[in-house]
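Let's walk through this model together, one element at a time. Keep the viewer open as you read.

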Amino acid sequence: MLEGLRASPKRIAPKFFYDARGSQLFETICSLPEYYLTRAETEILGVHAREISDLIGPGCILIELGSGSSHKVRLLLEALQPAAYLPMDISRDHLLRAARLLAAEYPWLEVHATCIDYSRQLDLPYCPNGTRKIAFFPGSSIGNFEPGETVAFLRNIAQMLQANGALLIGVDLKKDARTLHAAYNDSRGVTAQFNLNLLARINREMEGRFILDDFEHSAFYNEPLGRIEMHLASRCRQTVQVGAQHFGFARGETVHTENSYKFGLDEFRDIARLAGFRPLRAWSDSHGLFSVHYLDAGPL
Ligand SMILES: C[S@@+](CC[C@H](N)C(=O)[O-])C[C@H]1O[C@@H](n2cnc3c(N)ncnc32)[C@H](O)[C@@H]1O
């Protein structure tokens, strides 16, 4: 985070949003009327759970990346009957709570939770030899990677899955700027709190002295680049101390906190192919807002 604050322009990677408070705020975002992503993806998984389960087959090891509250996977578990579920997330307390709840609700299911930063490592804590591995990566978190990193990240997943695995991935679609803008600028201001929590987190964990009222949430659709950009903008000229270091901000200067790239169906299939996947199926919701792709990791 300090490195990002020293950079020009200033930036902080979105993975730092997710401490316990950030994960809680994200849960609230998922239930907001403007945040169509969760509703649309839930619809797709609910409607197509049987077909998805038939493609995957029973007895797989189901690995969820960025599992958060593990809500969406519940739509698949009964139909899919995996041998084990491996939720992985960077937000440790939230992950453990979610994994314990799920394990209690599905006593027949083996659950192995791992706290990892998936942008750095993809180690499986449990993986009996020869069992088919399926990765589940919902929430369109793939859109947080830069175009150059996306293929490399998907390639790492393909490597982890090996030849008989597959990836089920949620991908947000390109759409009108108004719908996108509303999704990241909700009327209750929860997304703003989520964004500002980064500064609160620096205050809590790194002896930061950010005054939250001196910064404001800014999110907009950068149409030429096909991405929502999220920033924290300084309302005034100021210097902020973090530990022993000082960071100067001009009035209006921003810290770039997240990109959420949006994709066309074919655009994403091409990216998947570049990473070595075979796109077998893609579904979208009844309003055409969101997509879920089933990508086979087997050889072409
Ligand atoms: C956009 S939320 C999606 C949550 C959930 N999968 C869903 O679809 O609603 C992103 C999730 O990924 C986790 N996450 C973000 N960056 C991560 C990283 N680098 N490594 C592991 N988990 C990460 C967050 O803690 C959060 O739970």
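**Helix 5 and its two faces**

In helix 5, the buried residues (under 20% relative accessible area with a 1.4 Å probe, protein chains only; exposed is over 50%, partly exposed in between) are His-94, Leu-95, Ala-98, Ala-99 and Leu-102. Seen down the axis of helix 5, these buried residues fall within an arc of 125° (taken from the directions from the helix axis to the C-beta atoms), so they line one face of the helix. Turned away from that buried side is a face with the exposed residues Arg-92, Arg-100, Leu-101 and Ala-104.

A word on provenance: this is a predicted model, in which local features need pLDDT of at least 70 and side-chain atom pairs count only at pLDDT 80 or more, while totals for chains, interfaces and linings use all residues. Residues are numbered from 1 along each chain as its sequence is written, and side-chain values use heavy atoms, with hydrogens and water left out.

What do the buried residues of helix 5 pack against? Their partners in contact (heavy atoms within 4.5 Å) are helix 2 (20–30), helix 4 (74–80), strand 3 (84–89), strand 4 (110–111) and strand 5 (114–115). Helices (H or I, at least four residues) and strands (E, at least two) are DSSP runs, numbered from the N terminus.

Next, look at strand 7 (residues 166–172): seven of its seven residues are buried, so the strand is largely enclosed by the rest of the structure. Ala-166, Leu-168, Gly-170 and Asp-172 cover one side, with Leu-167, Ile-169 and Val-171 on the other. Strand 7 pairs with strand 6 (residues 133–137) in the parallel sense over four bridges; pairing requires that DSSP finds at least two bridges between two strands. Within this pair, Phe-136 stands opposite Leu-168.

Leu-168 also takes us to the largest nonpolar core, which has 56 residues; Leu-168 is among those with the most contacts inside it, as are Leu-5, Leu-62, Phe-210 and Phe-249. Such a core is a set of buried Ala, Val, Leu, Ile, Met, Phe, Trp, Tyr and Cys residues joined through side-chain atoms within 4.5 Å. Helix 3 (residues 36–56) gives the largest share of this core, eight residues.

Finally, four strands form an open sheet of mixed pairing, in the order 1-12-9-8. Strand 1 (10–11) and strand 8 (215–222) stand at the edges with a single partner strand each, so one side of each is left without a neighbour in the sheet. Strand 9 (residues 227–234) and strand 12 (residues 254–261) run antiparallel, joined by seven bridges.
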